[in-house]
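Student: I would like a close look at one helix pair in this model. Please take me through how the two helices meet, and then through what lies around them.

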Amino acid sequence: MRKQIAAANWKMNLTLQQGETLIDELLSAPHDLKENQQAVFAVPFPYLINIKNKLAGKKNFFVAAQNCSDKKSGAYTGEVSAEMIKSIGLQYVVIGHSERREYFNETNAVLAEKVNICFENELQSIFCCGEPLAIREAGTQNSYVETQLKESLFHLTAAQLTGFVIAYEPIWAIGTGKTASSEQAQEMHAHIRSVMTKQYGNDVAETISILYGGSVKASNAKEIFGKPDVDGGLVGGASLIAVEFAAIINALK
Ligand code: PEP
């Protein structure tokens, strides 16, 4: 059974104190994670250890870094390496969020390096892909996303892709309040799975968790997560509100 994941992306929001309060509130709200379900918190680097400690012993709750360097180590002031993230006991790193692609010029080739470095350090990438509005309006979103997958993931082996995590995030739906319809999400998720099937076979593709991201909230999570190829969500704005994110966790299938 594929992992179903509700991943919170705090981005550059919340102080440590606000973040800890949010986690406290969230843990006191009713939540019930089944064996195949996970809640993941992608929090700012300075709080990774604090939030990890707060979640210690909570079954199926994980902490993620929001990014890592494509370099192993050395004179790269301000960068954080995958090895450093591993050394504090984390399992997840978000790779290639559209904000990183757009504001920090992360190309598909750079992201391939980041995915590699995560594997070298036994970290699970949450690999983001998704098209901008102009591409959606031109109707070429399928080939656009396929190229992102090809150029950043297709050098990997079938074993590496088994149980991998991809987040499809149409850029026009991130932080805009404009959600893709559950049908649009399902259509792209099925396309992503078929691209992975063509390259790696059905057995591998069926193990890949594909999360949807783009204005997911408590009111739409159940419908979106209910689609057969949607395995949860990567959530920005609504993950900053405890009751909202608790409901999103509870919407996992
Ligand atoms: C995101 O940050 O990945 C995201 C999907 O944001 P939002 O939920 O606010 O659209």
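Tutor: This is a predicted model. Start with helix α5, residues 108-120, and its partner α7. Their axes come within 7 Å and cross at roughly 50°. An angle of that size makes α5 oblique to α7, because it falls outside the ranges for roughly parallel, antiparallel or perpendicular. The crossing is right-handed. On the α5 side, the contact is made by N108, L111, A112 and V115. On the α7 side, T147, Q148, E151, S152 and L153 take part. By type, the residues of this contact divide into 4 nonpolar, 4 polar and 1 charged.

Now leave α7 at its end. F154 sits in the loop between α7 (141-153) and α8 (158-161). Its relative accessibility is 17%, so F154 counts as buried, the cut-off being under 20%. What does F154 touch, not counting residues up to four places away in sequence? The list is L149, V195, M196, Q199 and Y200. F154 can also be placed relative to A109, 45 residues apart from it along the chain. The C-alpha atoms of F154 and A109 are separated by 11 Å.

Two of those partners of F154, L149 and M196, lead to the nonpolar core. The largest such core has 68 residues. Within it, F41, L149, I166, I192 and M196 touch the most other members. Helix α9, residues 182-200, gives the most to this core, with 6 residues. Take I192 as an example. Leaving aside neighbours within four places in sequence, I192 is in contact with C129, V145, L149, I166, Y168 and I210. L149 is thus a shared name: F154 touches it, and I192 touches it too. A second, separate core has 14 residues, including A64, Y92, V165 and L211.

Go back to α5 and look at the loops on either side. Before the helix, N105 is placed in the loop between α4 (98-103) and α5. N105 has a positive phi of about 55°, although it is not a glycine. With a relative accessible area of 62%, N105 is exposed, since that is over 50%.

After the helix comes the loop between α5 and β5 (124-129), where N121 is placed. N121 is buried, because its relative accessible area of 16% is under 20%. Not counting residues up to four places away in sequence, N121 touches A82, E83 and K86. E122 belongs to the loop between α5 and β5 as well. E122 is exposed, with a relative accessible area of 62%. So this loop holds a buried residue, N121, and an exposed one, E122. E122 and Q91 are 31 residues apart in sequence. In space they are 7.4 Å apart, C-alpha to C-alpha.

One more backbone detail lies elsewhere in the chain. L14 is found in the loop between β1 (4-9) and α1 (16-28). L14 has a positive phi of about 75°, and it is not a glycine. Its relative accessible area is 24%, so L14 is partly exposed, in between the limits of 20% and 50%.

To return to the pair itself: α5 and α7 make an oblique, right-handed crossing. Past α7, the loop residue F154 is buried and touches L149 and M196, among others. Both of these are among the residues that touch the most other members of the largest core.

Conventions: Residues numbered from 1 in each chain as written. Predicted model: local features only at pLDDT ≥ 70, side-chain atom pairs only at ≥ 80, totals over all residues. Heavy atoms only, no water. Helix = DSSP H or I, 4+ residues; strand = E, 2+ residues; numbered from the N terminus. Buried < 20%, exposed > 50% of the residue type's maximum accessible area, 1.4 Å probe, protein only. Contact = heavy atoms within 4.5 Å. Axes fitted to C-alpha atoms, helices over the stretch in contact; angles between N-to-C directions. Parallel < 35°, antiparallel > 145°, perpendicular 65-115°, else oblique. Left-handed = near helix turned anticlockwise from the far one by under 90°. Nonpolar A, V, L, I, M, F, W, Y, C, P; charged D, E, K, R; others polar. Core = buried A, V, L, I, M, F, W, Y, C linked by side-chain atoms within 4.5 Å.
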